[in-house]
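Colleague: Hi! I'm new to this one, could you walk me through it?
Modeller: Happy to, let's put it on screen and start from a single residue.

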Amino acid sequence: MEVWGNMRGKYIDDALQNGRSLCIGGDGRCDTPGHSAKFGSYSVMDLDNGTMIDIQLVQSNEVKSSCHMEKEGLARSVAYLQGQGINIYKIVTDRHVQIIKWVRENMTDTQHCVDVWHVAKGLQKKMLALSKEKECGILQDWIKSVTNHLYWTAASTPDGNGDLMMDKWTSVGNHIQNIHEGHGTFFPRCEHDDLTRQERRKRWLKPGTKPLEKLITLLNSRQMKKDIPKLSTIQQTSELEGYHSVVNQFAPKMHGFSYNGMMCRLVLAAMHYNENGGRHAAVTKQGNPCYKITYPKFKKGSYTVRQVKTEPTFSKYRYKMFYMHVH
Ligand SMILES: [Zn+2]
């Protein structure tokens, strides 16, 4: 805990000295098996460089009910960072109503964005359920495209213009009917080239049919209208998922741990993550960075370049020793 405290303190001192304002991402995790969660942790990352900077562990008996733990964790993290004098220019979280309300009321000078991954996950689930309804099987083919369109809506709008994102998003309602222009004011026509033969072969949705009507209702739902303009365009909390998977190794959910045991495990996971998460980019024998090029289907022939990371190390903090002594 002392090592963690020092790391965290030094990180904050550096940020203060450099006059750096932070974009943070926060996400909660239930740390107890079953539904009667005893603990909930809230983890905060500096999204500009992928460093874990704070962890709060809240016990359910400290708050009104277990669903308040996430909000309480966030509140404590923000209080801690602000108490140290840190300025937070942007915060990216999931879309939970309570969290959105809390940030709106308590962080008036901070821009609040919702993580695309969380929104996409919810949408995917709803589309899947819809595709299982009578006569709606055709929607199955569209789940991936529509979800990819959501990611694209955010990624292609780096300045976060909410109106533009909204028009980009709703254009998909036309696209699925094989209509590629005449969309909204800010995004009048699709940006894709001529569709490949394979994409053309996909069955378009027909006006007046049940699957189309149902899908359009979902695309334009109140929830989507709230989420889309707030989508985080560059910084995403998905890196926090990487951290959570490390937590799952250090503290499997099927085991119950004491408060201190749990806290130590979270801290170990954070230190492990910080050592490996922002891993140095792998280099070739000549010393040039390695890149991997992928051609995702939704990009229709264009490509994504990713830097290849080096393998993780376990050397620095002797995790195994800690692991054996923490109960
Ligand atoms: Zn189109």
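Colleague: Which residues does H112 touch, leaving out those up to four places away in sequence?
Modeller: H112 touches I91, T93, I99, I100, V103 and K230. Keep in mind that this is a predicted model.

Colleague: Does one of those stand out for a polar contact, and what is the distance?
Modeller: T93 is the one to look at: its side chain makes a polar contact with the side chain of H112, at 2.7 Å.

Colleague: And is H112 buried or exposed?
Modeller: Buried. Its relative accessible area is 9%, and buried means under 20%, so H112 counts as buried.

Colleague: Where does H112 sit in the fold?
Modeller: H112 is in strand 5, which runs over residues 111-114. Strand 5 pairs with strand 4 in the parallel sense, over four bridges.

Colleague: What's on the other pairing of strand 4, the one with strand 1?
Modeller: Strand 1 and strand 4 also pair in the parallel sense, over four bridges. You can follow one residue through: K90 in strand 4 is the bridge partner of C23, and the bridge partner of K90 in strand 5 is Q111.

Colleague: How many residues of strand 4 are buried?
Modeller: Five of its six, so strand 4 is mostly covered.

Colleague: Changing topic, what coordinates the zinc ion?
Modeller: The zinc ion is held by H175 through ND1, H180 through ND1, C190 through SG and H192 through NE2, at 2.0 to 2.3 Å.

Colleague: Why is that arrangement called tetrahedral?
Modeller: Because the four donor atoms subtend angles of 100 to 125° around the zinc ion. For four donors, tetrahedral needs all angles between 85 and 135 degrees.

Colleague: What spacing do the donors follow along the chain?
Modeller: The pattern is H-x4-H-x9-C-x1-H. H175 belongs to helix 7 (residues 172-175), while C190 is in the loop between helix 7 and helix 8 (197-201), so the pair ties together parts that are 15 residues apart in sequence.

Colleague: Are H175 and C190 buried or exposed?
Modeller: H175 is buried, at a relative accessible area of 13%. C190 is buried as well, at 14%.

Colleague: Okay, helix 2 now. How many residues does it have, and how far does it reach?
Modeller: Helix 2 covers residues 69-83, which is 15 residues. From its first C-alpha to its last it reaches 21 Å, close to the 21 Å expected at 1.5 Å a residue.

Colleague: Which of its residues are buried?
Modeller: M69, E70, G73, L74, A75, S77, V78, Y80 and L81.

Colleague: What do those pack against?
Modeller: Quite a list! The buried residues of helix 2 pack against helix 1 (2-17) and helix 3 (97-106), and against strand 1 (22-30), strand 2 (39-46), strand 3 (51-59) and strand 4 (88-93).

Colleague: What happens just after helix 2?
Modeller: G85 takes a positive phi there, of about 95°. On the other side, H68 lies in the loop between strand 3 and helix 2.

Colleague: What does H68 touch, again leaving out residues up to four places away in sequence?
Modeller: V63 and Q98. H68 and Q98 are 30 residues apart along the chain, and their C-alpha atoms are separated by 8.3 Å. H68 is buried too, with a relative accessible area of 16%.

Colleague: Last thing, how many helices and strands are there in the protein chain?
Modeller: The protein chain has 13 helices and seven strands. Of its 327 residues, 45% are buried.

Terms used: Residues are numbered from 1 along each chain as its sequence is written. This is a predicted model: local features need pLDDT of at least 70, side-chain atom pairs count only at pLDDT 80 or more; totals for chains, interfaces and linings use all residues. Side-chain values use heavy atoms; hydrogens and water are left out. Helices (H or I, at least four residues) and strands (E, at least two) are DSSP runs, numbered from the N terminus. The expected span of a helix is 1.5 Å times one less than its number of residues. Buried means under 20% relative accessible area, exposed over 50%, partly exposed in between (1.4 Å probe, protein chains only). Contact means heavy atoms within 4.5 Å. Donors are N, O and S atoms within 2.8 Å of the metal (3.2 Å for Na, K and Ca); water is not among the atoms, so sites may look incomplete. Four donors count as tetrahedral if all angles lie between 85 and 135 degrees; four count as square planar and six as octahedral if opposite donors are over 155 degrees apart and all others between 65 and 115; anything else is irregular. A polar contact is a pair of N or O atoms within 3.5 Å; within protein, one must be able to donate a hydrogen and the other to accept it, and residues adjacent in sequence count only if both atoms are side-chain atoms. Two strands pair if DSSP finds at least two bridges between them.
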